[in-house]
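Thank you all for coming; I would like to take you slowly through one structure today, and I will explain each term as we reach it. Please have a look at it before I begin.

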Amino acid sequence: MKTIQILGVGCPKCQNLTANAEQAAQELGIEYELEKVKNVSEIMKFGVMVTPALAIDGQVKASGKVLSAAELKELLR
Amino acid sequence: MDWKKEWKALTVIGAVFFAAFYLPVGRARFDNALLEAFALAKWYAREHVVFCLLPAFLIAGGIAAFVSQASVMKYLGARAKKVVAYGVASVSGSILAVCSCTVLPLFAGIYRMGAGLGPATAFLYSGPAINVLAIILTARVLGIELGVARAVGAIAFSIIVGLLMHLIFRREETEKAAAQAVMPEPDVHRPLCQNAVFFAAMIAVLVFANWGRPASSTGLWHAVWSAKWIITSVAAVAFAAILVAWFGLTWWRILLAAIPAALLAVLFPDVPMLAFAAGVVGLSVITATGGDESREWFTSSWGLAKQILPLLLFGVLVAGALLGRPGREGLIPSEWVSAAVGGNSVWSNLFASVAGAFMYFATLTEVPILQGLIDNGMGKGPALALLLAGPALSLPNMLVIRSVIGTKKTTVYVSLVVVMATLCGLAYGALFR
């Protein structure tokens, strides 16, 4: 069971990242829970300044870019 | 039937019915306003889309794709030198804030985990204010004078507002967030000067393609104007060479993309729009189907275009209906406009900055609205005041800023921006009347 968190206030880039993450997780067939963190103060708690960012199980894995589904699969494995 | 759910639909239908029932069709002012809205949209489509907006989207997309945010952010971190931090914060908006929704997290980050309140405020202000697209469209539609005043004013402004915020609140310790800022690793694979030349070539194409006909028929400006398509073509060829040499695009694909543009330029030398449009389409096709990097460039440009064009169309239609196209009047009588923001009095400058601060302008829509206002008698000073206070502030974003820095600091920030915008407007209006 993995927790995927998408950090971002909701711009198109964050939506792309969300879609890619869902696709990657589904292709891997893993159990996951996806959460969108939209509150700026909450995002700050992760120490992220450049959105969109992605955290897996509470660990920030990428910030400031939209990872492709292929890159996300590597991170989720 | 569950009326708790249905009442919304009923209200909407009722509202539309009454609006249609009392629709003032046939009244001269209303009919004229509709006509003006479409006339203005047509004017924009003909004058500003191909030569100005299309290359501007490619430039802004290029900035988003090729300039590493990480390399800028290291100058805004907790240990950055203050002088450098202010300087970087005041100009980096054009690089970091291509998408307006990224401004607030960055602002909160610089404030809590980075260089502190002063640079954070400078960044918060300059981010939306010196957006590349906005400056380009301002210079094109409202004149180069106002475009430059906007860019220079916004940069100077952001540093002063940042410094004042720092001085006013210097006694307050900011609670630094416990988390150490996660700085994305800068992935540098191309020297800075190559990127600079790349953007210079693209900007040259944009500037010379839009070179306006000067009033006199002699002198340097006129010489540039008569040779503008030759200069633009040279810049475009240089740009193509840069793409092949440093950006890894294959030469035969570039050539393939350039052929239609060149053919159209030879066949229809009087309609440069055709050749220019063909060039943009060609470039889009090869970047969209090219390697990872060029695909990212295209994706960012396309994303921006998709996001901004509908808003701009809406803004143009509203501006046309309310204020009319150049030389005409829309729903709002010209006397109202010149009474409120005409001339260069303290009152009209203040009115323009307060109105600008609270009003929400979607990206770029401030330009058609301002154009309508100027045409209906708005003074140059109040116009700049509105440009300086408007895009950076709006009621919704004040509320978000408040959630990050609190009511007191937000109030001071908003008042500073309004007062400064008024003063800048007064000075500009007195200098260029």
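**Helices, domains and a core**

Let me begin with helix α13 (residues 251-267) of chain B: its 17 residues, at 1.5 Å a residue, should span 24 Å, and its end C-alpha atoms are indeed 24 Å apart, which agrees. Helices here are DSSP runs of H or I of at least four residues, numbered from the N terminus, and the expected span is 1.5 Å times one less than the number of residues. Before I go on, please keep in mind that this is a predicted model, in which local features need pLDDT of at least 70 and side-chain atom pairs count only at pLDDT 80 or more, while totals for chains, interfaces and linings use all residues. Residues are numbered from 1 along each chain as its sequence is written, and chains are lettered from A and ligands numbered from 1 in the order in which they are written.

Staying with α13(B), there is a kink of about 30° at Ala258(B), shortly before the proline Pro260(B); the bend at a residue is the angle between axes fitted to the seven residues ending there and the seven starting there. The buried residues of α13(B) are Ile254(B), Ala257(B) and Ala261(B), where buried requires 20 or more other C-beta atoms, placed from the backbone, within 10 Å of the residue's own. They pack against α12 (228-246) and α14 (272-288) of chain B.

What, then, of helix α20 (residues 395-431) of chain B, which has 37 residues? A straight helix would reach 54 Å at 1.5 Å a residue, but the end C-alpha atoms of α20(B) are only 31 Å apart, and a kink of about 120° in α20(B) is centred on Gly406(B).

Turning to the domains, whose bounds come from an automatic or database domain assignment, chain B has domain 1 (69-173 + 332-431) and domain 2 (191-315). Their centres, taken over C-alpha atoms, are separated by 30 Å. Ten residues of domain 1 of chain B are in contact with seven residues of domain 2 of chain B, contact meaning that C-beta atoms, placed from the backbone, lie within 7 Å. On the side of domain 1 of chain B that touches domain 2 of chain B, α8(B) gives the most, with three residues.

Finally, the largest nonpolar core, a set of buried Ala, Val, Leu, Ile, Met, Phe, Trp, Tyr and Cys residues joined through C-beta atoms within 7 Å, has 133 residues. Helix α3 (residues 49-66) of chain B gives the most to this core, with eleven residues.

Technical notes: Two residues are in contact if their C-beta atoms, placed from the backbone, lie within 7 Å. Helices (H or I, at least four residues) and strands (E, at least two) are DSSP runs, numbered from the N terminus. A residue is buried if 20 or more other C-beta atoms lie within 10 Å of its own, exposed if 12 or fewer, and partly exposed in between; C-beta atoms are placed from the backbone.
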